Amino acid sequence: MNARILSVAMILCMTAIVAVSQPFTMPKLDYEYNALEPYIDAQTMEIHYSKHHQAYLNNLNKAVAGTKAEGLRLEELLIAAERRGAAVRNNGGGHYNHSLFWKVLSPNADKSPGGQLADEITKAFTSVDSLKRLLNKEAMGRFGSGWVWLYVTPEKKLAACSSPNQDNPIMDAAGKNRGIPVLGIDVWEHAYYLKYQNKRGDYLSAVWNVVDWDAVDDNYKAALADPLLKLIEKDAWQELKDFHMVMAQTFHPMEEGNMGPIRSRAGEMLAKAQLLAASKVPASFQSSAISKAMKDLVSGSADVEKQVRKNAKDDKIKKSLTKLHDTFHVIQGLCSEE
Ligand code: MN3
């Protein structure tokens, strides 16, 4: 084989390897770069899609390559964005947010929402115009780069918020504003600077001309039926996460023969169990089985704490903590069932 054929073969081979090792891919744009003129100019669209979005995608694929995250749905990655680190949070967010953004823009935009979406907007914001005003205000108030969102909460209500950088309401980083976005507006300067320079307000007035409410409605219906909503609800149950943390950091060392963590943190674990038992159980998790398991969790934690306080032998503490660990998994297990 001559050198030229060999090098072509090698390039083809490497391309194939790259192709199979890229779990996330660019969504296709359903319109030309110039299709949203005069509201969003062609050059901005081209750079935004082919450079900015592409870079988020490439960096996301790089960040997850060879990790378990490769096999996950993007949304599942984003739920734990803060815990997964900056590369996943920024680039996973960047890929998700822009994919949604291209989808809700259209040269043939349906200018007003209909049906159930319209009713829910009226319920939550009094009118579509006041929702737009609220989102514009959030966007103007967002210092630096970020997004504004209309999203569906775990209680299946509509809400609006803004987020910094490439964060979004799916993420643990979103605090109280958790849910599935159905409409997002990019307020990074790269979304408008070439045409509007520093005039973010002008861009915001213009962009509504190409927001397609028909696409938002599709997103809304999909969000209501998405099991992701329940995962977000569970992840937002802070008291459950707090207890889980202490359990993980004491039980697993104990399994490896290290009694130090449980001997020093049994009181903290009891306090977290009490806070969990007193917390508001998310609506879709409420059941008599959960209520009972929460009570067992408090009495089990009190038992571990008592053993530790009496300076009991390792075996007794181990038995008590193992039982508590089983009780905790009843809650986790019950929670994850429909
Ligand atoms: Mn952008």
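In the next few minutes I will go through the sheet, the helices around it, the manganese site and the nonpolar cores of this structure. Please keep in mind throughout that this is a predicted model.

Let me start with the sheet. Three strands make up an open sheet, in the order E2-E1-E3, and their pairing is antiparallel. Strand E2, residues 158–164, and strand E3, residues 180–186, are the edge strands, each having a single partner, so one side of each is left without a neighbour in the sheet. From one strand to the next, the twist averages 25°.

Turning to strand E1, which covers residues 146–152, we find seven bridges that join E1 to E2, while six bridges join E1 to E3. To give you some landmarks on the E2 side, Trp149 has Cys161 as its bridge partner, and Val152 has Leu158. On the E3 side, the bridge partner of Trp147 is Asp186, a residue to which I will return at the metal. The hairpin of E1 and E2 has five residues between the strands, and within this hairpin Lys156 takes a positive phi near 65°.

How many of the residues of E1 are buried? The strand is mostly covered, with seven of its seven residues buried. If we take the two faces in turn, Gly146, Val148, Leu150 and Val152 are buried on one side, and Trp147, Trp149 and Tyr151 are buried on the other.

What, then, lies across E1 and E2? That is helix H6, residues 115–125, which runs at about 75° to E2. Its buried residues are Leu117, Ala118, Glu120, Ile121 and Phe125, and because they cover an arc of only 165° around the axis, they fall on the same side of H6. The face turned away from that buried side carries the exposed residues Gly115 and Lys123. Among the elements that cover the buried residues of H6 are H7, E1, E2 and helix H10, which spans 213–224. I would draw your attention to Glu120 in this helix, which counts as buried because its relative accessible area, 14%, falls under the 20% cut-off. Beyond its neighbours within four places in sequence, Glu120 is in contact with Leu158 and Tyr220; Leu158, you will recall, is the bridge partner of Val152. Just after the helix, H6 is followed by Thr126, whose phi is positive, near 70°.

Helix H9, residues 200–207, can be described in the same terms. Its buried residues are Arg200, Tyr203, Leu204, Ala206 and Val207, and they too lie on the same side of their helix, since their arc around the axis is only 165°. Their cover includes helix H5 (86–104), helix H7 (128–141), E3 and helix H8 (193–196). One residue of H7 worth pausing on is Asn136, which is partly exposed, with a relative accessible area of 21%. Not counting residues up to four places away in sequence, Asn136 touches Leu204 and Trp208. Between Asn136 and Ser162 there are 9.9 Å in space, C-alpha to C-alpha, and the two are 26 residues apart in sequence.

I come now to the metal. Which residues coordinate the manganese ion? They are His48, His98 and His190, each through NE2, together with Asp186 through OD, at 1.9 to 2.1 Å. Along the chain, these donors follow the spacing H-x49-H-x87-D-x3-H. Asp186, at 0% relative accessibility, counts as buried, and His190 is buried as well, with a relative accessible area of 18%.

Finally, the nonpolar cores. As a general point, nonpolar side chains in soluble globular proteins tend to be buried together. Here the largest nonpolar core has 66 residues, and those with the most contacts inside it are Leu105, Leu150, Leu183, Ile185, Tyr203, Trp213 and Val216. Taking Leu183 as an example, and leaving aside its neighbours within four places in sequence, its contacts include Val148, Trp149 and Leu150, as well as Leu100, Val104 and Leu135. Trp208, Val211, Trp213 and Val216 are also in contact with Leu183. There is, in addition, a second, separate core of 27 residues, which includes Val246, Met247, Ile262 and Leu321.

Key
Residues are numbered from 1 along each chain as its sequence is written. This is a predicted model: local features need pLDDT of at least 70, side-chain atom pairs count only at pLDDT 80 or more; totals for chains, interfaces and linings use all residues. Side-chain values use heavy atoms; hydrogens and water are left out. Two strands pair if DSSP finds at least two bridges between them. Helices (H or I, at least four residues) and strands (E, at least two) are DSSP runs, numbered from the N terminus. Axes are lines fitted to C-alpha atoms, for helices over the stretch in contact, and angles run from 0 to 180 degrees between N-to-C directions. Contact means heavy atoms within 4.5 Å. Buried means under 20% relative accessible area, exposed over 50%, partly exposed in between (1.4 Å probe, protein chains only). The arc is that of the directions from the helix axis to the C-beta atoms. Donors are N, O and S atoms within 2.8 Å of the metal (3.2 Å for Na, K and Ca); water is not among the atoms, so sites may look incomplete. A nonpolar core is a set of buried Ala, Val, Leu, Ile, Met, Phe, Trp, Tyr and Cys residues joined through side-chain atoms within 4.5 Å.
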